[in-house]
Amino acid sequence: MPGSTHPANDAWEALLSAHAVLMKRFAAEDIWGDISMREYDVLYTLSKCPEPVRPSELNRHVLLSQPALSRLVDRLAERGMVERKPDPADGRGVLLSLTPTGQALQRQVGRGHARDVARAMTAGLTPAELRQLETICLKLAGQPATAAAAANGSDDRKNAPREKDTA
């Protein structure tokens with residue numbers, strides 16, 4: 001809203017509106033097959049983990065409540081996409097990782113999703129705006145911007161869309 005006296009609230013509302021519009025667009029894409037976007041999110045998050053993780057660690061990186069995540073992981077395990085192993089450091093704990101089937105499905109769906117994301121993001125934003133958006137979002141998330149982007153405001157690696165299908 002032009003002339004608003006609440007720029008933080010206005011920015012937050014714009015961010016949430018953009019997220020909602022893009023998520024609806026991505027959900028409507030014909031790439032998901034027998035997997036939901038939420039299931040894909042869990043597979044993608046696990047694909048980025050170099051080693052098995054505890055459910056609590058996985059829960060920090062997905063937008064699901066702990067009980068909902070537990071049920072979703074149960075379904076993925078039943079379908080052979082996620083493996084549960086006892087945590088050797090704590091006999092009561094469990095570690096989660098992708099099975100080869102889960103990895104293959106994540107990569108397959110991820111290629112299509114990466115194309116959809118790149119198309120949506122580049123349709124309205126220039127490469128410089130994409131770098132600026134990334135820097136702002138990383139800052140809000142409390143993560144440092146990439147060294148190249150922080151040093152000179154650009155990062156040539158970011159000119160090409162990255163696929164969200166590999167770790």
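How many disulfides does a search of the whole structure find? The search finds 0 disulfides. The points below concern a predicted model.

1. **Cysteines.** With 0 disulfides found in the whole structure, the accessibility of individual cysteines may be noted. Cysteine 49 has a relative accessibility of 25% and counts as partly exposed. Cysteine 137 also counts as partly exposed, its value being 34%. Both assignments follow because partly exposed denotes the range between the buried limit of 20% and the exposed limit of 50%.

2. **Overall architecture.** The chain contains 7 helices and 2 strands. Along the sequence these elements follow the order α-α-α-α-β-β-α-α-α. Of the contacts with a separation of 6 or more, 53% are between residues 24 or more positions apart.

3. **Burial and surface composition.** The chain has 167 residues, of which 26% count as buried. The area that the chain exposes is about 11,000 Å². Carbon and sulfur atoms supply 56% of that area.

4. **Helix 2 and its cover.** Helix 2 spans residues 37-47. It is mostly covered, with 8 of its 11 residues buried. The buried residues of helix 2 are Glu39, Tyr40, Val42, Leu43, Tyr44, Thr45, Leu46 and Ser47. What covers these residues includes three helices and both strands by name: helix 3 (55-59), helix 4 (66-78), helix 5 (100-124), strand 1 (82-87) and strand 2 (90-98).

5. **Serine 47.** Serine 47 belongs to helix 2. Why does serine 47 count as buried? Its relative accessible area is 13%, and buried means under 20%. A polar atom of the serine 47 side chain lies 2.6 Å from the backbone oxygen of tyrosine 44. Tyrosine 44 is likewise listed among the buried residues of helix 2.

6. **Arginine 54 and aspartate 87.** The structure holds 8 salt bridges. One of them joins aspartate 87 to arginine 54, and the closest N and O atoms of this pair are 2.9 Å apart. Aspartate 87 is located in strand 1, while arginine 54 is in the loop between helix 2 and helix 3, so the salt bridge ties together parts that are 33 residues apart in sequence. The two partners fall into separate accessibility classes: aspartate 87 is buried at a relative accessible area of 10%, whereas arginine 54 is partly exposed at 31%.

7. **Arginine 54 and aspartate 90.** Arginine 54 forms a salt bridge with aspartate 90 as well, with 3.1 Å between the closest N and O atoms. This pair links distant parts of the chain, given that arginine 54 is in the loop between helix 2 and helix 3 and aspartate 90 is in strand 2, 36 residues apart. Aspartate 90 is partly exposed, with a relative accessible area of 22%.

8. **The salt-bridge network.** Which residues are linked with Arg54 in a network of salt bridges? They are Asp87, Asp90 and Arg92. Strand 1, which holds aspartate 87, and strand 2, which holds aspartate 90, are each named among the elements that cover the buried residues of helix 2.

9. **Arginine 60 and glutamate 57.** A further salt bridge is formed by arginine 60 and glutamate 57, whose closest N and O atoms are 2.3 Å apart. Is arginine 60 buried or exposed? Arginine 60 counts as exposed, at a relative accessibility of 58%. Glutamate 57 is partly exposed, with a relative accessible area of 27%.

10. **Nonpolar surface patch.** Trp12, Leu15, Leu16, Ile136 and Leu140 make up a nonpolar patch on the surface. Together these residues have about 520 Å² of accessible area. Helix 1 (7-28) and helix 6 (127-140) each supply at least two residues of the patch. Helix 1 provides the largest share, 3 residues.

11. **Tryptophan 12.** Tryptophan 12, one of the residues of the nonpolar patch, lies in helix 1. Tryptophan 12 has a relative accessible area of 51% and is therefore exposed. The cut-off relevant to this assignment is over 50%.

Note on methods:
Residues are numbered from 1 along each chain as its sequence is written. This is a predicted model: local features need pLDDT of at least 70, side-chain atom pairs count only at pLDDT 80 or more; totals for chains, interfaces and linings use all residues. Side-chain values use heavy atoms; hydrogens and water are left out. A disulfide is a pair of cysteine sulfur atoms within 2.5 Å. Buried means under 20% relative accessible area, exposed over 50%, partly exposed in between (1.4 Å probe, protein chains only). Patches are made of residues with over 30% relative accessible area and no salt bridge: like charges are joined within 9 Å, nonpolar side chains (Val, Leu, Ile, Met, Phe, Trp, Tyr) within 5 Å. Accessible areas come from the Shrake-Rupley method with a 1.4 Å probe; for residues, only the protein chains shown count as cover. A salt bridge is a side-chain nitrogen of Lys or Arg within 4 Å of a carboxyl oxygen of Asp or Glu. Helices (H or I, at least four residues) and strands (E, at least two) are DSSP runs, numbered from the N terminus. Contact means heavy atoms within 4.5 Å. A polar contact is a pair of N or O atoms within 3.5 Å; within protein, one must be able to donate a hydrogen and the other to accept it, and residues adjacent in sequence count only if both atoms are side-chain atoms.
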